[in-house]
Each structure stands twice: as C-alpha cells, then as structure tokens.
Amino acid sequence: MKKYLLLFLLTVSPASAWCQDTLVAIPSLPVLGDALERQKSDDEIFSEAVISPLSTSGVPADNTGGWSIDTSNRQVSRNFYNSVYSASEFTPDGWVGDVGNCVAGDTSSDFKNSVLARINYFRAMAGVPSDVMFSATYNSKSQQAALMMSRNNTLNHTPPDTWDCYTAEGAEAAGSSNLSLGHYGWDAVSGQMRDDGSNNGPVGHRRWLLYPQTQTMGTGDIPSDSGYLAANSIWVFDDNMWEARPATRDDFVAWPPPGYVPYQIVPDRWSFSYPGADFSSAAVSMTCDGSALTITLETLASNMGENTLVWYQSNPWQKPVTDLSCVVYITGISNTPSSEYTYGVTIIDPFTVVGQEEFPEISGSQTAFVGQTGTWSYTEVSFAEEYEVLQGTLLPPLPEGAETGPGTTLDYTDVAYDLITTDAAATGTHSFHLAQPQPQTNSFEIDISFVPTGTSNLTFNSQLGYATADQLAIVQISQDDGLNWSTLFSQSGTDDSGESVFQQHTISLSAYSDRLIRLRVSYGFEDGQSGSYYFCTSASCGFLIDDISISDSKQVQNRVTSLISTGTSFNFTPDLPETYILSARTIGWPGYPGLEWSSVFYVNAADSFPWTMFLPAVTGNNQ
C-alpha cells in the first residue's frame with residue numbers, strides 16, 4: 001500500500017529588501033517575503049472552508065473593524081475568535097484572472113472585506129487602533145505585485161523589469177508590502193502574524209501589521225492557478241507612518257497580547273514592542289503554570305515598525321488541555337517609562353466554555369395557546385450588540401445508518417469517491433465512508449439540530465482501516481449552528497491495515513443537556529497540521545461509520561429565527577398544538593455569526609378556544 005508524504009507548511013522570511021538573496025519556493029509551501037525596512041524620510045531612516053448552511057457566513061461590509069477588545073475577559077476573547085476571526089474563512093475569493101497570461105484579475109469586495117477584517121482582528125487583539133481601511137489604489141497595485149510573485153515563483157521587494165508579468169505598479173507595491181507565496185487572503189495575514197521561518201527572527205511582517213499609526217492598507221491576492229502558487233501582497237506603508245503614535249490599550253504592543261488568547265493564533269515567536277526602546281541589554285524569562293521555560297532571544301533588528309524584542313521557547317506550543325497560564329518577565333530595557341515589564345498570557349481553547357459565562361437565558365410562561373401572542377424575556381449579556389431568537393418544534397430523531405442514501409447529510413467529500421458505500425456495513429448493507437485522496441480533510445455533517453437530555457448518549461459503529469498516524473477520524477459537536485466544532489471522539493491510524501471489524505462507541509452528551517447541537521464526522525489531518533496519508537479510496541481505506549444515534553433526545557423541526565436589535569424581550573405566537581422550544585444567542589459584533597445558543601426553554605402550546613359569556617334569561621319588569 002503506497003503512501004504520499006505531505007511536507008509541513010512552512011513560512012520563511014527573506015532578508016532586508018535591498019540585501020536579499022534569491023528565494024526558491026518549494027511547491028505548496030507558503031513563503032513570506034522579506035520584512036520591509038522603513039522608507040527614508042527627511043529626518044530619519046527607518047513585508048476556503050466548509051460552511052454549515054445554518055451559519056451566517058462572510059464578513060459584513062459595514063463592520064470590518066473599529067473594535068475594542070477586553071482580552072482580560074475570557075468569554076469576550078474566545079467569542080471574538082469564534083465569531084469574527086472565523087467569519088473571514090467563509091468568503092469565496094471571486095477571482096477571475098489568468099496567471100499564465102499575466103492577467104491579474106481581481107477578487108471580490110466581499111473577499112477583500114474578509115482580509116481587512118482579519119487584519120483588524122489581530123490589531124484589536126493587540127490593543128492598537130483596529131479601524132484600518134483599504135485603499136482602492138493600494139489594492140490595485142498590490143494585485144499586480146501578487147501576480148508577479150505567483151508567476152515568477154519567488155518573492156522580491158525590488159523585482160527586476162525582466163520578470164514575467166512585470167509592471168511598474170506591481171513593483172511599487174512590492175516595495176511597500178508584506179509578501180507571501182503559497183497562501184493568500186486572510187490565510188496570508190495569519191501567516192504574516194506568525195512570522196515563522198529561519199529568516200523571520202525580527203517578526204517584521206507582524207510589526208508592520210500591528211504598527212499603531214497605520215490607517216490605510218491594501219491587499220492583492222492570487223489563488224493557486226494552473227500550477228502557479230497562490231500569492232499575497234499586503235500594502236503596509238501609508239502616509240500616517242510619521243504621525244504621532246495613537247493611544248494603545250497596553251502602552252506597549254505584545255504578541256501574543258496580555259490576557260486570554262486562543263491557541264490557534266499563538267506563534268512560536270513572541271514579541272514585545274515599544275517605540276524608541278533600547279533592548280540591547282534586555283532579558284526575558286517565562287513561566288507557564290508555574291514551570292520555567294527555556295527562552296532564546298532573537299537577534300535585534302530595527303527599522304521595521306516599532307523597536308521590538310523577540311524570543312521563543314524550546315518546544316512548540318500545543319493545543320492546551322486546560323487553560324495554560326503564562327507570565328512574561330522582561331528586564332533591562334532602556335528608553336522606556338519602566339525598565340521592567342511583567343504581564344500574563346493565558347492560552348485557551350476558544351471552543352471550550354470554562355466557568356460561568358453569560359448567556360441570554362429565556363424566561364416566561366411555559367404554556368401558550370395556538371394563535372395567541374405572548375411575550376418572553378432573556379437575560380442581558382454585557383457585551384451583546386444584538387440577539388438572535390429561535391423557535392421550533394420537536395420530533396424523535398431517527399438513526400443515521402446510510403440505508404436510505406445521503407438523506408439528511410451534507411456531503412463535503414472528494415469527488416473521487418462516494419460518501420455511502422455498500423462494501424462494508426455494521427448493520428444492513430450501507431455505511432458512510434470517508435477517505436483522503438487529496439491532502440484536504442473530508443467530512444459530512446448531519447443536517448439536523450438535536451436537543452439532548454442529561455441521559456443522552458451518542459452511539460455509533462465505526463471501523464478505521466488503512467490510515468497513517470497523521471490521519472485522524474473525528475466526530476465533532478457544534479453549539480453555534482456549525483460555525484465552530486469541538487471534538488467528541490478522535491482516533492488516529494496505525495500505519496497499517498487498521499481495524500478489520502466495526503467497533504461500537506458510546507459517548508455521553510450529558511454536558512450538552514437542553515442545548516442545540518449539530519454533529520459532524522471528518523477524516524484527515526488535525527486542524528492546521530499535515531503529514532503522510534494513504535490516498536486510496538476503497539472501503540478498506542479510511543473511516544467507515546454506521547448507525548449514528550442519540551438516545552433520549554429530540555430533533556428540531558419548523559425552525560424559525562429572528563434578529564432583535566434592542567431590548568431583552570420578544571413575542572412568540574405558536575401555530576400548532578405542540579411542544580415548542582425557544583432559545584437565544586448573543587451577537588457580539590453586528591453582521592457576524594452568533595455565538596452558542598442558550599439552554600432551550602420549553603413551551604407547551606394548546607388549542608385555543610373562544611371564551612363565551614352566557615347571561616341568564618331576564619323575566620319580569622326592569623326597574
């Protein structure tokens with residue numbers, strides 16, 4: 001049985017713009033261009049996702065920034081990630097161009113908004129002004145620069161006029177931009193914030209993205225096209241570079257910032273920036289959960305945004321099982337208000353609720369009459385801008401066994417094979433089958449919202465065949481209509497033929513009692529990872545799953561949602577004599593997806609009947 005080896009995605013940074021060596025891009029490996037040095041002034045010298053149909057996707061055109069985030073609030077920080085960061089990934093690029101014929105084309109305005117929102121997300125988390133806007137002129141020139149990088153399969157801030165697809169506007173943008181090869185759009189923004197790679201010790205790309213004075217940027221994006229790599233150019237030099245520094249939340253600019261930070265955006269290299277600071281004698285020490293870390297300082301480099309100290313610890317950061325509390329101690333700084341700075345960073349899983357969080361829990365009458373309108377209330381959430389309210393009725397759920405075809409499943413598998421197979425089954429003659437003919441993860445989602453109880457169990461039969469240790473079969477649960485997912489079950493391959501018979505698995509869902517949930521099954525690499533994989537698509541390869549059921553639960557039907565912009569109450573008129581559920585969720589940033597639904601509130605609706613007043617017959621004289 002053959003295996004393919006997929007190399008880990010790397011991000012490397014070239015040297016300074018005018019002393020750069022030629023870069024050779026390895027196919028499918030994201031690469032960062034050199035971090036730019038400051039331009040010379042008169043006074044001073046100075047680089048697409050699966051969408052659940054219930055999830056509101058995309059970035060609203062009228063809300064791409066201007067946020068102020070309290071990172072000391074865990075719920076706010078994790079929800080800002082789940083709502084705003086995640087929303088960028090749900091936007092098609094809309095690109096129509098041709099790299100081979102030097103047609104730069106353009107991306108859609110929605111896609112540009114998604115890139116802008118990702119930039120402002122990072123700036124808001126860092127505590128610098130997050131109201132950056134894009135310039136149409138910068139966008140147009142950056143699009144030419146991205147085309148040049150993709151077509152020539154390398155990165156250069158001063159591209160020669162002998163390059164294929166060379167334009168003067170593209171060359172101008174290359175000299176004013178962060179450059180990426182192998183990824184584009186919001187993904188390139190995240191890569192530039194990580195600033196991985198042996199040449200990116202000064203984290204210059206990050207420093208320019210977080211430069212407090214910047215008010216205007218631009219983006220140029222080329223997706224992979226006919227063998228040419230994706231490329232990105234983010235214009236980071238604007239006319240405000242030399243203006244007075246605006247106020248920042250923490251005075252300094254650290255990445256990751258003080259407070260609660262989702263593990264997905266924690267880089268290997270940490271940084272601390274302060275304008276004019278002298279870090280030549282600075283030292284850094286760190287503890288995480290009380291244990292000291294071994295710290296290595298990167299070589300200092302100036303003329304890239306604000307003066308910055310960069311360091312890394314000996315082991316890569318991993319997804320934390322529980323919140324990981326780290327403390328940073330910096331000493332020996334000169335030319336700053338204090339020579340020492342101490343701050344805490346708590347690395348979190350943004351899909352995990354810890355402690356008591358604020359939810360808009362519903363209260364009101366548990367009885368209603370068909371056709372008669374009543375009013376229900378929900379508790380106010382301190383950071384909510386809007387609320388979404390849901391109503392629906394309930395049915396007993398049916399097991400998902402693939403016997404009747406795709407049914408209520410959403411198929412996100414490769415076209416090289418069918419989701420349903422008759423070659424193996426736990427019961428009956430059909431089962432669901434996930435393989436991995438390409439590096440991308442394959443998945444399917446059960447297109448039903450369930451409401452478990454305190455005694456509910458998820459049960460399924462599965463068989464993991466040929467799979468490497470890098471390939472994972474995962475069953476996940478979502479409480480926000482499929483925007484974000486938490487893992488209930490995970491099984492890695494054994495680098496051989498794997499299991500020969502189906503195994504039954506039972507997982508308690510008591511933690512999700514009276515919550516709205518959805519289920520997804522996926523097979524491939526863990527999020528953000530890569531590795532070796534079996535690419536075969538027969539039933540002996542990959543993951544088979546059958547007889548998926550949730551005991552003691554209901555499924556939601558007749559679902560209706562409505563948006564509430566003001567107040568903490570809503571009206572509801574039942575139209576059937578059934579048990580209804582009501583639920584609400586917070587929208588922290590208007591236009592972005594809502595957060596997890598609150599506990600469901602049950603309302604029993606009965607047939608209404610007319611009230612009739614009977615008066616006794618009157619006899620005799622009236623007085």
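**Exercise 1. Accessibility and linkage of C165**

Establish whether C165 is buried or exposed from its relative accessible area.

*Solution.* Step 1: the relative accessible area of C165 is 10%, so this cysteine is buried; buried denotes under 20% relative accessible area, exposed over 50%, and partly exposed the range in between, computed with a 1.4 Å probe on protein chains only. The model is predicted: local features require pLDDT of at least 70 and side-chain atom pairs pLDDT 80 or more, whereas totals for chains, interfaces and linings use all residues. Residues are numbered from 1 along each chain as its sequence is written, and side-chain values use heavy atoms, with hydrogens and water left out.

Step 2: C165 forms a disulfide with C102, the sulfur atoms being 2.1 Å apart; the criterion is a pair of cysteine sulfur atoms within 2.5 Å. The torsion about their S-S bond is about -80°, and the link is therefore left-handed.

Step 3: C102 is placed in the loop between α1 (74-87) and α2 (109-126), and C165 in the loop between α3 (136-152) and α4 (168-174), so the bond ties together parts 63 residues apart in sequence. Helices (H or I, at least four residues) and strands (E, at least two) are DSSP runs numbered from the N terminus.

Step 4: C102, with a relative accessible area of 35%, is partly exposed.

**Exercise 2. The disulfide pattern**

State how many disulfides the whole structure contains, and which pattern they follow along the chain.

*Solution.* Step 1: a disulfide is a covalent bond between the sulfur atoms of two cysteines. A search of the whole structure returns three disulfides.

Step 2: C288 is joined to C326 with an S to S distance of 2.1 Å. The torsion about this S-S bond is 105°, and the link of C288 and C326 is right-handed. Distant parts of the chain are connected here, with C288 in strand β10 (residues 283-288) and C326 in strand β14 (residues 324-331), 38 residues apart. Both C288 and C326 are buried.

Step 3: C536 is joined to C541 with an S to S distance of 1.9 Å. With -100° about the S-S bond, the link of C536 and C541 is left-handed, and both cysteines are buried.

Step 4: counting bonded cysteines along the chain, the pattern is 1-2, 3-4, 5-6.

**Exercise 3. Salt bridges between distant segments**

Determine which residue E388 pairs with in a salt bridge, and do likewise for E445 and R559.

*Solution.* Step 1: the structure holds 19 salt bridges, each being a side-chain nitrogen of Lys or Arg within 4 Å of a carboxyl oxygen of Asp or Glu.

Step 2: E388 pairs with R585, their closest N and O atoms lying 2.9 Å apart. E388 belongs to strand β19 (residues 386-395) and R585 to strand β33 (residues 579-587), 197 residues apart. E388 counts as buried because its relative accessibility is 15%; R585 is buried at 2%.

Step 3: E445 pairs with R518, the closest N and O atoms being 2.7 Å apart. Strand β23 (residues 442-451) contains E445 and strand β28 (residues 517-524) contains R518, 73 residues apart. Both residues of the pair E445 and R518 are buried.

Step 4: R559 pairs with D481, with 2.5 Å between the closest N and O atoms. R559 lies in strand β31 (residues 554-564) and D481 in the loop between β25 (472-478) and β26 (486-492), 78 residues apart. R559 is partly exposed at 25% relative accessible area, whereas D481 is buried at 3%.
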